[in-house]
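Hello,

Here is the structure I promised to pass on to you. My notes follow below it, and I hope they help you find your way around.

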Amino acid sequence: MKISNTIKKVLFSFTFVCLVVFSLIAGAIIEKFNLFPITAQLSLFLENSGLSALRSKVKDSVTGADQIQKKYISSNYYDLVLKKYTRPTHEDYGGIDILNKKLFYVDNNGYGWVLKNENFEKVISKPLDLNEESFLKAFGASASYSYGVKDLLVVKKNDRSGNEVFLSATNFNEDVGCYFLSIFVTEIDNDFKQIGDWKNIFNSSPCLKKHRNNTYAGTSAGGRLGHKDNFLYLSLGDFYFDGVNEQDITSISNSDYGKIIEISLDNLKARNFAVGLRNPQGMFIDHNGVFETEHAPQGGDELNYISFDQVNNNYGWPNSSFGVDYGKKKWPLDPSNNNHMTEGFIPPIMSWIPSIGISNLIRFYSNNGLSRWNEDLIITSLREKSIFRIKLNNMKPIMIEKIELGFRIRDLVQDENRIFIQEAGSKYIWELKESS
């Protein structure tokens, strides 16, 4: 028997009202009983289990995003266009940079491709040896999501004969059963040929084991790479060893975590360049210092600036934060939120409440295309699915423009008058430039 249109409408209206009421009740229960950590844990579970990739595929199929090749974006100064490229592997991490004037993408395992004639051509076929199989036996298959390559950096050789390619990646000591962050380097010549194998030049210390609840917080690894003169810069997060979720690993003697490490390429000796950082997701080496972005706990994502000649380099974490613990109204180690000012820590030059899910950043330099963005910071976000253009005056933000792109952003790199953007949780890289 066919259902009449009137009955269909009544059923649809009833279902819709039930969903609205259920949403309101669920929201009230979450707020009443302080269950926000459950929602945070659910989100983390989706990422760590790999289901976020499946969710992304379903979303692309339902919304038709997989059919969209270009998106047009409006900003205050320019009309912009986003052009989509499909990368060879579907992973959230890995990284992008420019190699021999081509977009260069490296995946979680260390395989690499360059974009030629709008197609990706494989140029690195020797993956990193990260002992991943042993790691997953110890930590479980769900930990694979945030295990592997965290960032990519291309440095032109002084004689211009080729390039050194650096990767930061999580790594595992099979004998002891603990993990750490490593830097690897290989060489690629001007014809895009890899010269030699990967060489391990740095391992963070101490080696870390499971949390008390048997988890692995690889999303709080940091891992950004930078270069200036003959020094490498590596950011390291705290892996949630912050004195609240676990013991504080950042403040013990000779610990590399919660810091930016400066490494001499002459002798590979390392020193602490900046300390007191939680989860440094972004780093840009500028002329006179380093811009750094980091995830706070709930609220308080930070933009910091570290001058090359400043004496104090302590940014406060885990004893100082404008954020709070998930589902609570304070950070247990900084209940008054005054420690930036009262204990000699350096405050951020900008902080976001609520958090934007801050990721990487660049300082944009151009006298041609997008020239009115010249010397502005371009900061990307995961949660807000946007870029934030920030104008500075004496290294202090004086203007912020939010430009919505509609997807979560993991990484970005400038190539002359355009910006390549790596979408998080999908298979896409986007080219952003002024619309002609």
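Two strands count as paired here if DSSP finds at least two bridges between them. Please keep in mind that this is a predicted model.

With that in hand, let me start with a hairpin. Strand β11 (residues 222-228) and strand β12 (residues 231-236) pair in the antiparallel sense, with five bridges. One of the pairings sets H227 against L232 in β12. Two residues lie between the strands of this hairpin, and D229 takes a positive phi near 55°.

The hairpin belongs to an open sheet of four strands, ordered β11-β12-β13-β14 with antiparallel pairing. β11 and β14 (270-275) are at the edges with a single partner strand each, so one side of each has no neighbour in the sheet. On average, neighbouring strands here are turned by 25° against each other, direction ignored. At the other end from β11, strand β13 (residues 259-264) runs antiparallel to β14 and is joined to it by five bridges; K259 stands opposite V275 in β14.

Although β11 is an edge strand, five of its seven residues are buried, so the strand is largely enclosed by the rest of the structure.

The other residue I would point you to is K150, in strand β7 (residues 149-156). K150 is buried but has no salt bridge, and the nearest side chain of opposite charge, D92, is 9.0 Å away. What does the side chain of K150 reach at 2.9 Å? It is the backbone oxygen of S146. Beyond its neighbours within four places in sequence, K150 is in contact with several residues, including Y93, S168, L181, G222, G223 and R224.

Best wishes

Notes. Residues are numbered from 1 along each chain as its sequence is written. This is a predicted model: local features need pLDDT of at least 70, side-chain atom pairs count only at pLDDT 80 or more; totals for chains, interfaces and linings use all residues. Side-chain values use heavy atoms; hydrogens and water are left out. Buried means under 20% relative accessible area, exposed over 50%, partly exposed in between (1.4 Å probe, protein chains only). Lys and Arg count as positive and Asp and Glu as negative; His and the chain ends are not counted. A salt bridge is a side-chain nitrogen of Lys or Arg within 4 Å of a carboxyl oxygen of Asp or Glu. A polar contact is a pair of N or O atoms within 3.5 Å; within protein, one must be able to donate a hydrogen and the other to accept it, and residues adjacent in sequence count only if both atoms are side-chain atoms. Contact means heavy atoms within 4.5 Å. Axes are lines fitted to C-alpha atoms, for helices over the stretch in contact, and angles run from 0 to 180 degrees between N-to-C directions.
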